[in-house]
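Trainee: Could you take me through one part of this model in detail? I would like a close look at how a pair of helices packs, and then a short walk outward from there.

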Amino acid sequence: LAPKAMQSFNLLSIGGTLSANAHGIAHNPGQVAPTVRSFRVMLSDGEIKTASRDENPELFKLVLGGYGLFGVILDAQIEVTENEVYVWKTKYMDYKDFSDYYRNHIKQNDQIGLMYGRLSIAPHSYLKETVVHTYEKTAFMKGIPPLQLDESTWLNRLVLNFSKTGSLGRWTRWMLEKYIEPKLHNCISRNQAMNQREICLVSRNQQMYNSMAYLKNRLRDTDILQEYFIPPTNMSLFVEGLKPIIQKNRANLLNVTIRVVPKDTISALPYAKDDRFAFVLYFNQKLNEEESKILEKTTKELIDLAISLEGTFYLPYQLHYSNDQLHRAYPEIENFFEKKKEYDPELLFSNTFYEKYSR
């Protein structure tokens, strides 16, 4: 068996995943919330309640994506699916074609179990060329082997760190991902197809088992994640607005991944008000005040861009956004804070997000 939905990295706790309503490369169901049948939560007064869509439904909505503010999740019943075997395929296109390609070839295709896209950061195709990775179901009669650790961690670390240094590093990384990675990918099997091209077979669990080991290094820098959730009709406008903001501020953007998150009808603070494309941005910065200010300015401008395109942004990351930006993207926030006081009148549970924006 395998998870229906989970975050991209394998080191998060179950409670943390539910509290952030995480999502990853499983475009259906997208977020983890739809896969949760029920959970037990200990409230601030010590009472333990079971929450589901039918039992304590308000608490169910508040805790999923509630960032730990309503109680401690003790255990959860989460739906799973078959550990299927997929054929890994890649297709390159212009970013303007991504939305139509997803709608016409992936959205209604129940044979595709996982998918994500990635925008180029190479100078010659910067934020234009886009790769779409799809994982299509296939028959596999042999036993699926157990999970394997990535044997190319050192190489992935070297390539990523080189891409931090400038244009040559980014070009090299894109070329390696485009032409070399398919030959090094951790496949459970490689078969010869009818056209004599080698195809890579991967299991669902293996593809969702993404270790952070290659991100660890001894450099005096740090990496910053951000996410923006944009309606598909405005995807091109977001990419076109992203480019000048990054270039003007000279922010060190290392990666842009595109995921799919369906409309959220469960959580009290939905980041997907309807079906959205999630843009996962990965920045690098040196550990100094100047580069911190660059990223703060970049973040605020990108949030304004997302909101202007009827989009939202992910709340758990750096708290650079203003109270006004928060309220524009999440008009439900005041009711969320009021419910927090009802369930936790002594304010036993807190975090920096609540401390900054609930006043």
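Mentor: Happy to; we start with one helix pair and then visit the surrounding features one by one. Please keep in mind that this is a predicted model.

The pair to look at is helix α4, residues 153–163, and helix α5, residues 167–184. Two packed helices are described by the angle between their axes and the distance between the axes. Here the angle is about 155°, and the axes lie 8 Å apart. Angles over 145 degrees count as roughly antiparallel, and α4 and α5 are therefore roughly antiparallel to each other.

Now to the side chains and backbones that make up this contact. From α4, the residues taking part are L155, V159, L160, F162 and S163. Across from them, α5 contributes L168, G169, R170, T172, R173, L176 and L184. Sorted by character, the residues of this contact are 7 nonpolar, 3 polar and 2 charged.

It helps to set that contact beside burial. In α4 the buried residues are T153, V159, L160, N161 and S163. V159, L160 and S163 are named both among the buried residues of α4 and among the residues of α4 that meet α5. The partners against which the buried residues of α4 pack are α5 and strand β12, residues 252–261.

If you follow the chain onward from α5, you come to a disulfide. The structure holds 1 disulfide, and it joins C187 to C200 with an S to S distance of 1.8 Å. The angle about the S-S bond is -115°, making the link of C187 and C200 left-handed. C187 sits in the loop between α5 and β9 (189–192), while C200 belongs to strand β10, residues 198–203. The two cysteines are 13 residues apart, and both C187 and C200 are buried.

For a second helix to set beside α4, go to α10, residues 333–343. The buried residues of α10 are I333, F336, F337, K339, K340 and Y343. Seen down the axis of α10, these residues fall within an arc of 160°, so they line one face of the helix. The general background is that an α-helix has 3.6 residues a turn, so residues three or four places apart point the same way. Among the elements covering the buried residues of α10 are α2 (57–63), α9 (323–329) and α11 (352–357).

Just beyond this helix, L348 lies in the loop between α10 and α11. With a relative accessibility of 56%, L348 counts as exposed. Its C-alpha is 8.9 Å from that of G71, although L348 and G71 are 277 residues apart in sequence.

A contrasting case is F39, which is found in strand β2. F39 is buried, its relative accessible area being 1%. Beyond its neighbours within four places in sequence, F39 is in contact with K49, T50, A51, L59, F60, V63, L64, I73, D75 and A76. F39 and K297 are 258 residues apart in sequence, and their C-alpha atoms are 39 Å apart in space.

Another buried residue to inspect is S99 in helix α3, residues 98–106. S99 has a relative accessible area of 14%, which makes this serine buried. Not counting residues up to four places away in sequence, S99 touches P232, M235 and F277.

Finally, as a computational chemist you may want to check a few backbone details. The peptide bond from N28 to P29 is cis, with omega near 25°. P29 is placed in the loop between α1 (14–19) and β2 (36–42).

Then come two residues with positive phi. Y67 has a phi of about 55° although it is not a glycine. Its place is in the loop between α2 and β4 (72–78), and Y67 is buried with a relative accessible area of 18%. L127 also has a positive phi of about 55° without being a glycine. L127 lies in the loop between β7 (112–119) and β8 (129–137), and at 2% relative accessibility L127 counts as buried.

To return to your starting point, keep the α4 and α5 pair in view: about 155° between them and axes 8 Å apart, with the buried residues of α4 packing against both α5 and β12.

Note on methods
Residues numbered from 1 in each chain as written. Predicted model: local features only at pLDDT ≥ 70, side-chain atom pairs only at ≥ 80, totals over all residues. Heavy atoms only, no water. Axes fitted to C-alpha atoms, helices over the stretch in contact; angles between N-to-C directions. Helix = DSSP H or I, 4+ residues; strand = E, 2+ residues; numbered from the N terminus. Parallel < 35°, antiparallel > 145°, perpendicular 65-115°, else oblique. Contact = heavy atoms within 4.5 Å. Nonpolar A, V, L, I, M, F, W, Y, C, P; charged D, E, K, R; others polar. Buried < 20%, exposed > 50% of the residue type's maximum accessible area, 1.4 Å probe, protein only. Arc of directions from axis to C-beta. Disulfide = S-S within 2.5 Å.
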